[in-house]
Amino acid sequence: MKVRGRVLSVASECVPLVKTGGLADVVGALPGALAPLGWEMRVLLPAYRALRARVADWPEVWREEGLWGGPGVVRMGQVDGITVLALDAPHLYDREGGPYSGPHGDWWDNPQRFAALSWVAARIAREGLPGWKPDVLHAHDWQAGLAPAYLAYGGKAGVGSVLTIHNIAFQGIAPASLLGELRLPGAEFYPGGLEYYGGISTLKAGLVTADRITTVSPSYADELMRPEFGMGLQGVIAARAGVVSGILNGVDTGIWAPGAAAVPYGAADMAGKAANRAALCAEFGLEVPGPLAILVSRLTDQKGIDLLPGAMPGFIEGGGGLLVLGSGDPALEAAMRGLEAQFPGRVAVRIGYDEALSRRMFAGGDAVLVPSRFEPCGLTQMYGLRFGTLPVVSAVGGLGDTVINASPAALAAGAATGVVFHPVDGLAFGQALRRLLALHASPDWAAVQAAAMRQPVGWESSAAAYATLYAGLRV
Ligand code: ADP
Ligand code: GLC
C-alpha cells in the first residue's frame, strides 16, 4: 500500500487503553479505518498509571525536558494494531484515579497536564520522529486544543492541523494568569485570539489556530454555530465556518455485530435475538410482555436521563420494560434505582461500567433509549441499528443524522429505522415511547428492524472523508 500521508493524532483517551466515553472509541478506530486508504496514523496519549506497566519496555522515541515540573519520555509500541506513542511523565500522569480527576475531583493541574501533552504533540509534529514525519496533526477536544496553537505559534514546518470537537461542553478553562505558564504568547490574548470571557480556553485556542475544524456529525456542525448548542463558543466557530465540517463517527462493525452475539443472529434470521432477550430477562429477573428498552449511558444532564422517571410509568403500563446500565451523577443514579424499586420485574438497573453486559443488552433488547439534550454524534443509537434494537432518539446532533423516524411516509417507503422525537422534553419523550409501543405491536416492526440492520454504520465513508480532509491540507 502506497503511503499517502502521515497523521499524528493526539488525544486523552484511546480504546483499548483508556476510555471514559465515545471519544476513546473514535480515537482508537481511526488508525485502522484510515490505513487501507494509505494514511498512517500514530496516536499520542498520556501514560496514565494504568498504562505505565504496559508501556514500560517500549523503546523511547522522544525525550522532553522541562515538562511542567519534570521530564517526559515518549515510548512507542503496538496495541491491537494501533501504533501508540505513550507520553510517560510520572509527575503529571502517574496518579490514582481517572484521566481527569482523582478521589477529590478534577486534578488541580489539568491545564498543565494537557498542555504538556499538546506541547509534545506540536514538537513531534514539527520535528518528526526518526523515519516518520507527520503531514497532519489531528487534535481531539480541549485536552489537545493547545496542540494546534503551539504548532501555529512555534512555526508549522509544513504540517497541517485539524481540531475535532467531540463535545463542546468541556472547554478547558484556565485563568488568564496562567497564560505565560502555559507558554502562550501574551500578544495573542485578545477576543479574536486566546482570550475567552476574561480567561483562557484550550478548546478555543485550538479553534482559532487549527487549519480545519471538524465535529462528529453534520448536524452538530450546524448546531455549534447557534447559542443553544455552542455553549459560548458559537461566535468563534461561526467566524471560521469556511473550515468547519461534520464527519459522522462510525462503529466497529466487527465487535458490534449480531453475528457475534451469544446466540448469533442476523436480519434474515432473527430467532437468535429472541433467545438473547430471554437470557437477558432471566439474568435480571425481568418479565416484559411488550418492548424491552435498554439504556447504556453516562448518567449526566447531557443524556436527558432526568426525562425517564416522568415517561416510564406510561410505558410500563403499556407493557414495556427497562434495563439500565450506567453511572455518573448520583442524583440520576438514585432516580434510576427509584424506578427499579417502583417497578420490580419490569425495570432493572445496574450502576457501573460493563462492556460485556452492554453487548448482551444490545443483543437482547428491543429498543435503545437515547433522549439526549445534545449529542455531537452518539454511538449507542448506531449499535442499536446494527442489532435491530430500535433507537428512540431526540432529534439533535448525530442522533437525528443517523435515525429515520417511523412516520407513516417513512414506513410506507421502507426507510424507517427508529423513533425520533422533538422537542427534548418529557411530553415528547412520553409520546415517543407510546409510538414505540404501537410500532412494536404492529406488523411493521420486523421491517423496521430489517431496515435498521441494513444501515451502513461502519467507518468506510467517514474514513474517506477524513482522508480527503487530510489530503486538502498537504502543502
Ligand atoms: P459519550 O461519549 O457522550 O458518552 P457516546 O454514545 O459517543 O457518548 O459513547 C459512549 C460509549 O460508552 C459507548 O461505546 C457506550 O456503549 C459506552 N458506555 C457508556 N456507558 C457505559 C456503561 N455503563 N457500560 C458500558 N459501556 C458504556
Ligand atoms: C462525545 C459525544 C458523543 C460522541 C463522542 C465521540 O463524547 O458526547 O456524542 O459520539 O464524543 O465522538
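User: Where does Trp68 lie?

Analyst: In this predicted model, Trp68 sits in the loop between β3 (60–64) and β4 (72–79).

User: What is phi of Trp68 near, and how should I read the value?

Analyst: The point to look at is the sign of the angle together with the residue type. Phi of Trp68 is near 50°, which is a positive value in a residue other than glycine.

User: Which residue does a cis peptide bond join to Val15, and where is the place of Pro16?

Analyst: Here the angle to read is omega. The cis bond joins Val15 and Pro16, with omega about 10°, and Pro16 has its place in the loop between β1 (5–10) and α1 (22–34). The peptide bond from His422 to Pro423 is also cis, with omega near -5°, and Pro423 is found in the loop between β20 (419–421) and α17 (426–441).

User: At what angle do helix α11 and helix α12 pack?

Analyst: For a helix pair, one reads the angle along with the distance between the axes. Helix α11 (residues 308–317) and helix α12 (residues 330–342) pack at an angle of about 20°, and their axes are 10 Å apart. Because angles under 35 degrees count as roughly parallel, α11 is roughly parallel to α12. The crossing in which α11 passes α12 is right-handed.

User: Which residues in α11 and α12 meet?

Analyst: From α11 come Leu308, Pro309, Met312 and Pro313, and these meet Ala335, Met336, Leu339 and Gln342 in α12. Sorted by class, this contact of α11 with α12 has 7 nonpolar residues, 1 polar residue and no charged residues.

User: Which residues come nearest to ligand 1, and which polar atoms lie at short listed distances from it?

Analyst: One can begin with the surrounding residues and then turn to individual atom pairs. Of the 20 residues around ligand 1, those that come nearest are Gly22, Arg298, Lys303, Gly352 and Tyr383. A polar side-chain atom of Lys19 lies 3.0 Å from an oxygen atom of ligand 1, whereas polar backbone atoms are involved at Asp354, 3.0 Å from a nitrogen atom of the ligand, and at Leu379, 2.9 Å from an oxygen atom.

User: Which residues are around ligand 2?

Analyst: The residues around ligand 2 include Gly22, Leu23, Val26, His166, Asn167, Gln302 and Cys377. Turning to atom pairs, a polar side-chain atom of Asn167 is 3.4 Å from an oxygen atom of ligand 2, and a polar side-chain atom of Gln302 is 3.1 Å from an oxygen atom of ligand 2. At Cys377, by contrast, a backbone N or O atom lies 3.0 Å from an oxygen atom of ligand 2.

Terms used:
Residues numbered from 1 in each chain as written. Chains lettered and ligands numbered in written order. Predicted model: local features only at pLDDT ≥ 70, side-chain atom pairs only at ≥ 80, totals over all residues. Heavy atoms only, no water. Axes fitted to C-alpha atoms, helices over the stretch in contact; angles between N-to-C directions. Helix = DSSP H or I, 4+ residues; strand = E, 2+ residues; numbered from the N terminus. Parallel < 35°, antiparallel > 145°, perpendicular 65-115°, else oblique. Left-handed = near helix turned anticlockwise from the far one by under 90°. Contact = heavy atoms within 4.5 Å. Nonpolar A, V, L, I, M, F, W, Y, C, P; charged D, E, K, R; others polar. Near = heavy atom within 4 Å. Polar contact = N/O pair within 3.5 Å; in protein donor to acceptor, adjacent residues only side chain to side chain.
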